[in-house]
Amino acid sequence: MQDILDQIVATIGASEERGKVADYIPQLACIDPNQFAITVAMADGRVFSAGDSQQLFSIQSISKAFTLTIALGKLGDALWARVGREPSGDPFNSIVQLEHEHGKPRNPFINAGAIAVADAILMGHQPKETLAEILQFVRFIADDDSISIDEKVARSEQSKGDRNASLAHFMASFGRIDNPVDCVLGTYFHHCSIAMNTQQLAKAGLFLVDNGRNPVTGTRVVSTQRARRINSLMLMCGHYDGSGEFAFRVGLPGKSGVGGGILAIAPGKASIAVWSPGLDNVGNSKLGTEALEKLVQHTGWSIFG
């Protein structure tokens with residue numbers, strides 16, 4: 001495995017087309033696009049890394065897989081009255097679909113859906129309390145108490161958060177937001193600003209590798225059925241309107257973020273985290289996707305055989 005990862009890093013390093021960083025978030029605009037990291041956390045406890053695997057980055061929308069897990073733990077299937085389970089086919093920050101579907105987001109991974117999930121988790125509490133709960137959960141599943149929120153990124157997102165504020169207020173106009181919009185948005189911006197490296201992120205995904213149980217610690221995080229459903233949503237919706245292309249090329253459940261990270265799950269095998277800040281035209285890591293495609297070609301881990 002280490003040889004495979006080293007080979008991938010060597011190939012990626014020679015690539016001239018690296019995509020474009022998310023410059024609409026000022027704090028992300030200054031990230032060096034030449035950085036790349038990959039970590040594979042195996043179900044047997046072995047961890048392999050290559051590249052800049054110690055470098056922290058903003059996980060952005062990858063955090064939505066974790067907040068979805070928390071929300072399902074609190075509300076169970078009642079969550080689906082608030083947010084759908086279908087691919088969107090539209091950009092992650094589109095407002096068009098909300099108009100046609102009466103303010104109900106199509107899935108938990110587009111921005112509107114994740115804002116609805118943040119609202120569900122709040123349950124009348126202050127954002128600070130809810131963020132502490134989210135951070136505690138991420139630290140628990142990654143088995144790493146050093147994970148924290150990058151406050152500079154959070155402030156940067158809030159300063160340019162007009163589109164997300166529009167989504168939240170639009171949903172509120174349909175009566176689909178229970179808490180004050182500013183509290184919901186503050187929670188959303190901050191959980192997207194959690195900073196991790198690929199080693200931490202890969203370990204955080206291990207519970208989705210082994211039917212809801214962390215195969216290394218033996219701790220059950222969610223039920224087998226819930227783990228399967230989270231993985232299925234990641235496969236269908238985890239890369240926005242590029243989800244079909246990702247399934248076609250990589251064939252694994254995955255969740256991307258505009259910080260350049262991708263968390264991918266090979267059920268029964270491994271949790272994989274890649275990071276390359278340059279994005280393709282739909283907001284997914286360009287070289288990260290290519291790296292995962294190469295990894296699956298080497299390992300045969302695609303869920304489609």
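# Helix packing, sheet pairing and a listed site

Biologist: What makes residues of α1 and α13 meet in this model?

Modeller: Ile4, Leu5, Gln7, Ile8, Thr11 and Ile12 in α1 meet Leu287, Glu290, Ala291, Lys294, Leu295, His298 and Thr299 in α13, where contact means heavy atoms within 4.5 Å. The model is predicted, so local features need pLDDT of at least 70 and side-chain atom pairs pLDDT 80 or more, whereas totals for chains, interfaces and linings use all residues. Residues are numbered from 1 along each chain as its sequence is written, and side-chain values use heavy atoms, without hydrogens and water.

Biologist: At what angle do α1 and α13 pack?

Modeller: Helix α1 (residues 2-13) and helix α13 (residues 286-299) pack at about 145°, with their axes 10 Å apart; the axes are lines fitted to C-alpha atoms over the stretch in contact, and angles run from 0 to 180 degrees between N-to-C directions. Helix α1 also lies across β1 and β2, running at about 20° to β2. Helices are DSSP runs of H or I with at least four residues, and strands are E runs with at least two, numbered from the N terminus.

Biologist: Why are β1 and β8 called a pair?

Modeller: Two strands pair if DSSP finds at least two bridges between them, and strand β1 (residues 37-42) and strand β8 (residues 270-275) have 6, in the antiparallel sense; therefore they satisfy the definition. Within the pairing, alanine 41 stands opposite serine 271 in β8. The open sheet of 5 strands has the order β2-β1-β8-β7-β6, with antiparallel pairing, and its edge strands are β2 (47-51) and β6, each pairing on one side only.

Biologist: Why is asparagine 111 called buried?

Modeller: Buried means under 20% relative accessible area, exposed over 50%, and partly exposed in between, with a 1.4 Å probe and protein chains only; asparagine 111 has 5%, so it counts as buried. Asparagine 111 is found in helix α5 (residues 111-122). The UniProt record, an unreviewed entry, lists asparagine 111 for "binding site", along with others including Ser61, Asn164 and Val258; such annotations may be inferred rather than shown by experiment.

Biologist: How do you know that asparagine 111 and asparagine 164 are joined by a polar contact?

Modeller: Their side chains are joined at 2.9 Å, and the definition asks for N or O atoms within 3.5 Å, one able to donate a hydrogen and the other to accept it within protein, while residues adjacent in sequence count only if both atoms are side-chain atoms.

Biologist: What makes valine 258 buried?

Modeller: Valine 258 has 6% relative accessibility, so the buried class applies. Valine 258 is found in the loop between β6 (254-256) and β7 (261-266), and among the residues it touches are Ala22, Tyr24, Ile25 and Leu279.

Notes. Lists of a residue's contacts leave out its neighbours within four places in sequence.
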